[in-house]
Amino acid sequence: MTVQSNHPENPDRNPQEITLPGTSICPGIAIGQIHLLDVNIYIPQDPIDAEQISPEQERYTQAVDAAKQHLRNHVASMHSDSSIETQAIFEIHQAILADESFHDLVRNCIEQQGMCAEFCLNQEAQTVIAQFNDMRDPYLKSRGEDIRDLAQNLLAFLSGEPQGHQHPIQATDILVSRHLHSSEVIRIHQAQGLGFACESSALSSHAAILLKGFGIPSIGKIETLLASVDEGTPVILDGDRGILIANPSTQTVEEYKARTEAAAHRKAPTSPQPCTTSNGERIALRANIENPEQAKLMLAHGLEGIGLFRTEFLITPGGQVPSEEEQYVAYRSVVETAAGRRVNIRTFDIGGDKDMGLACRCTGRNPSLGIRGIRRHLMVDPDELRIQLRAILRASHGSDTALLIPMVTTLEEIAQTKQILSEVKQALRKEGVEFLDSIKLGVMIETPAAAIATRDILSMVDFINLGTNDLLQYFMAADRDNEQVVEYNDPTNPAFLWLLEFILAEAGKTGHEDDVAICGEIASNLEMIPRLLRMGYRSFSIAPVIADAFRTLCAEGSTK
Ligand code: PEP
Ligand code: MG
């Protein structure tokens, strides 16, 4: 049991104030009340008479129409700056709601089983969800989640309380879930929820990356969370320290309010803020971003540039790959926001856990070990790579832009990519298009084979970025998103720490230690940062919201 009762001896404290320890996902303070995300909805099990069948079917049809209208209104009122992934999720939901064959199943059930609409809807939805869950294709598998969401929506409409199970998220809500799902994170972002806490420990999952990208104060790995709070429980979420304080006393609330007010008065820096250790070593700090909007966070947090732009998030979950022109606009906007600071643009890393809908379709039996990242481009879709390289090169004109290649395993892949890059450059020259001819080329070190080949790789490219989220999962043979093996994905494992030391030592043998950066989540993990500094790492790409905490840790720590 990890729940701690606070200050039992202090009469100013609320006797019920409890602190639930967890692990910070994204720093920041939120003061509000709990809103449970995955509550169990009551499903009526009522039989109906023969003469009620037709009105019951009609009641179901009306609920479907109301849900469709609700979704249409929602889409129409969405901000034009809503991310592509958010818009696409709603598109998928609209498509599922429009599927009459599912609704026919529910109406048939009402007639044949003589049961109420709620019972039949739940029964048919569970059957379809189970079918999706059995599918190998991760894209189709994840559609089961959409069916679950929609069934819950329809149940709420049937109950006559469309806001029922998901009463609208209030500006004071802190969302709580057992799980850590990307769809939930997008919902929280869209509804401007204050913060998020969960029991899940999949802290290098994409949902966790999205939480940081959206800057939503959040904590994971709170073991007894759902047993400790209820809907409406007042809480303080302290994402800086990774704790959730339930039923805080007035004094605790006042202390936290003072902290948040002081933070709000701090001015955003206008130039990159130096990051220096106590013994005076300079540390390079750049930002990880998932969409062009987030480039502003790099400025707001005083970072030196974009260390990793995960461009695959420009692809909709439905699988729509942006055109060359759309990509150019996205990359150029980041380059212009960076105004001369370095921007590392990674080519699409699709496959594995990042199924990106129909854009992937090359999953195999074990997608993470299948056609993913640069393999997909070279083996399946070199034209898509050419288009992306054209867009990046065009956007690079007059800037300090670099290219990053994901999921590299062999030197041959690098040679092939360089060949394609030189062909694309040649074509642009012929067309008289201006671009950064000296654009730097970097490689993500994400597979053990690439890590061991560090020296050879550095002889072929300008720099390497350690993608430790994948490097750890492939090194430990433990899926980064699978909560059952989360214990294996431990960056403090001695063998993994040895690998990190090995990579830097190998780079150093040819004087390339300055061409090595870490951009995986361990660089945003406050417990890992001092270790990485002691190992000799000096360049990091982090979730922008971590920047202040990172600088403080550096200033307090020494690299000796
Ligand atoms: C990584 O694997 O560490 C990484 C930065 O890439 P991604 O998380 O996008 O797979
Ligand atoms: Mg990766």
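1. Burial and overall make-up. In this predicted model, buried residues make up 54% of the 560 residues in the protein chain. The chain holds 20 helices and 17 strands. Among contacts in the chain with a separation of 6 or more, 68% are accounted for by residues 24 or more positions apart.

2. The disulfide. The structure holds 1 disulfide. Its partners are cysteine 109 and cysteine 120, with sulfur atoms 2.4 Å apart, which is within the 2.5 Å cut-off for a disulfide. The torsion about the S-S bond is -70°, and the link of cysteine 109 and cysteine 120 is left-handed.

3. What the disulfide joins. Cysteine 109 belongs to helix H3 (residues 100-113) and cysteine 120 to helix H4 (residues 117-133), so the bond ties together parts that are 11 residues apart in sequence. As to the surroundings of the two partners, cysteine 109 has a relative accessible area of 4% and is therefore buried. Cysteine 120 is also buried, at 0% relative accessibility.

4. A cysteine pair without a bond. For cysteine 275, the closest cysteine sulfur is that of cysteine 554, at 3.6 Å, and this is too far for a bond. The cut-off that decides the matter is 2.5 Å between the sulfur atoms. Seen from the other side, cysteine 554 is in no disulfide, and its nearest cysteine sulfur belongs to cysteine 275. Cysteine 275 counts as buried because its relative accessibility is 1%. Cysteine 554, with 0% relative accessibility, counts as buried too. A reader inspecting this site should note that the pair is assigned no bond in the model: cysteine 554 is in no disulfide.

5. Helices H17 and H18, geometry. Two packed helices are described by the angle between their axes and the distance between the axes. For helix H17 (residues 468-476) and helix H18 (residues 494-509), the axes come within 11 Å and cross at roughly 125°. H17 and H18 are therefore oblique to each other. Their crossing is right-handed.

6. Helices H17 and H18, contact residues. H17 contributes Thr468, Leu471, Leu472 and Phe475. On the H18 side, these residues meet Ala495, Phe496, Leu499, Leu500 and Ile503. By class, the residues of the contact of H17 with H18 comprise 8 nonpolar, 1 polar and no charged. Thr468 is the polar one, because Thr is outside both the nonpolar and the charged lists.

Terms used: Residues numbered from 1 in each chain as written. Chains lettered and ligands numbered in written order. Predicted model: local features only at pLDDT ≥ 70, side-chain atom pairs only at ≥ 80, totals over all residues. Heavy atoms only, no water. Helix = DSSP H or I, 4+ residues; strand = E, 2+ residues; numbered from the N terminus. Buried < 20%, exposed > 50% of the residue type's maximum accessible area, 1.4 Å probe, protein only. Axes fitted to C-alpha atoms, helices over the stretch in contact; angles between N-to-C directions. Parallel < 35°, antiparallel > 145°, perpendicular 65-115°, else oblique. Left-handed = near helix turned anticlockwise from the far one by under 90°. Contact = heavy atoms within 4.5 Å.
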